[in-house]
Amino acid sequence: LDWMTPYLGVCRAQCEVQEGQPPKSLEVMLLRNGRDGCKTCRMLDIKIGQVTAVGGWQKKSSFEAWLQVNTIDVNTNSDREGFRLEGFDSPPPSVLSVEDHLESGAFANSAVGLKKLK
C-alpha cells in the first residue's frame, strides 16, 4: 500500500451541513495532500455517493445542489453505483489520443455525443 495517500486518522470538526444553519460537529478523515512533493501528479477525481451536491457546501446554493443532483447525479454512475469519475489530471498520452479521436470522429456527432462520454 505504498502508493496510497498517508492517512492520519479521524478527527471531529465543525462543518456547515445545511445552508443557514449553525455548524455541526462531524467526524472527518485527515489525508495528506496527494500533490505534495510532486511536479506532476496523475490523479483521478472520483465523486463518491449517490448524491454529490449539498446546499451550503463550498458556497453552493440549495438550488444549485438540487440542479446538480437532478441533472448530473441521476444521469451518471453516481445514482446507480454510488460513484463517478469527475476528472483525470495528467492523463497518459493514450487517453488523450482516444479523446482526440472521439472528438473528431462519428461519435462526436452522434446522439450520445462526447459529453456523455466524459
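User: Where should I start with the aromatic side chains here: are F63 and W66 buried or exposed?

Analyst: In this predicted model, F63 is exposed, and W66 is exposed as well. Both residues belong to helix α1, which spans residues 62-71, and they sit three residues apart, or about one turn of the helix.

User: How is a pair of aromatic rings described?

Analyst: The general idea is that two values describe such a pair, namely the distance between the ring centres and the angle between the ring planes. In this structure the count comes to one aromatic pair. The pair is formed by F63 and W66, whose ring centres lie 5.9 Å apart and whose planes meet at 25 degrees, so the pair is stacked. The reasoning needs the cut-off for the angle, because planes under 30 degrees apart count as stacked.

User: Stepping back to the whole chain, how many helices and strands are there, and how do they run from the N terminus on?

Analyst: The chain has four helices and four strands, and their order from the N terminus is β-β-β-α-α-β-α-α. Of the 118 residues in the chain, 15% are buried. The chain exposes about 9500 Å², of which 57% is supplied by carbon and sulfur atoms. If one takes the contacts between residues at least 6 apart in sequence, 43% of them join residues at least 24 apart.

User: Where in the chain is confidence highest, and where is it lowest?

Analyst: The general advice is that predicted coordinates should not be read in detail where pLDDT is low. For this chain the mean pLDDT is 79, and 80% of the residues reach 70 or more. Confidence is highest in strand β2 (residues 24-31), at a mean of 89, and lowest in helix α4 (residues 113-117), at 47. Over residues 111-118 the pLDDT stays under 50, and for this stretch the model has twelve contacts beyond four places in sequence.

User: Turning to single residues, is D73 buried or exposed?

Analyst: D73 is buried, because its relative accessible area is 1%, which is under the 20% that marks a buried residue. Its place is in the loop between α1 and α2. Leaving aside residues up to four places away in sequence, D73 touches Q50, V51, T52, A53, Q68, S78, D79 and R84.

User: Since S78 appears among those contacts, which residues does S78 touch in turn?

Analyst: S78 lies in helix α2 and is buried, with a relative accessible area of 0%. Beyond four places in sequence, S78 touches G49, Q50, T52, D73, F83 and R84. Reading the two lists side by side, Q50, T52 and R84 appear both for D73 and for S78.

User: What is there to read at S90, and where is its place in the chain?

Analyst: S90 is found in the loop between β4 (83-89) and α3 (93-104), and it is partly exposed, with a relative accessible area of 35%. Although S90 is not a glycine, it has a positive phi of about 55 degrees. S90 and T40 are 50 residues apart in sequence, yet their C-alpha atoms are 7.2 Å apart in space. Among residues more than four places away in sequence, S90 touches T40, C41 and R42. At C41, the backbone oxygen lies 3.4 Å from a polar atom of the S90 side chain.

User: Which backbone nitrogen does the side chain of N33 reach?

Analyst: The side chain of N33 reaches the backbone nitrogen of R35, at 2.9 Å. N33 itself lies in the loop between β2 and β3 (43-48). Its C-alpha is 7.7 Å from that of T5, although the two residues are 28 apart in sequence.

User: How many disulfides does the structure hold?

Analyst: The structure holds zero disulfides. The cut-off matters for this step, because a disulfide is a pair of cysteine sulfur atoms within 2.5 Å. For C15, the closest cysteine sulfur is that of C11, at 8.4 Å, which is too far for a bond. For C38, the closest cysteine sulfur belongs to C41, at 4.5 Å, and this too is too far for a bond. As to their surroundings, C15 is buried, with a relative accessible area of 16%, whereas C38 is partly exposed, at 39%.

How values were computed
Residues numbered from 1 in each chain as written. Heavy atoms only, no water. Helix = DSSP H or I, 4+ residues; strand = E, 2+ residues; numbered from the N terminus. Buried < 20%, exposed > 50% of the residue type's maximum accessible area, 1.4 Å probe, protein only. Contact = heavy atoms within 4.5 Å. Areas by Shrake-Rupley, 256 points an atom, 1.4 Å probe, with all protein chains shown as cover. Polar contact = N/O pair within 3.5 Å; in protein donor to acceptor, adjacent residues only side chain to side chain. Phe/Tyr/Trp six-rings, centres within 6.5 Å; stacked < 30°, edge-to-face > 60°. pLDDT = per-residue confidence, 0-100.
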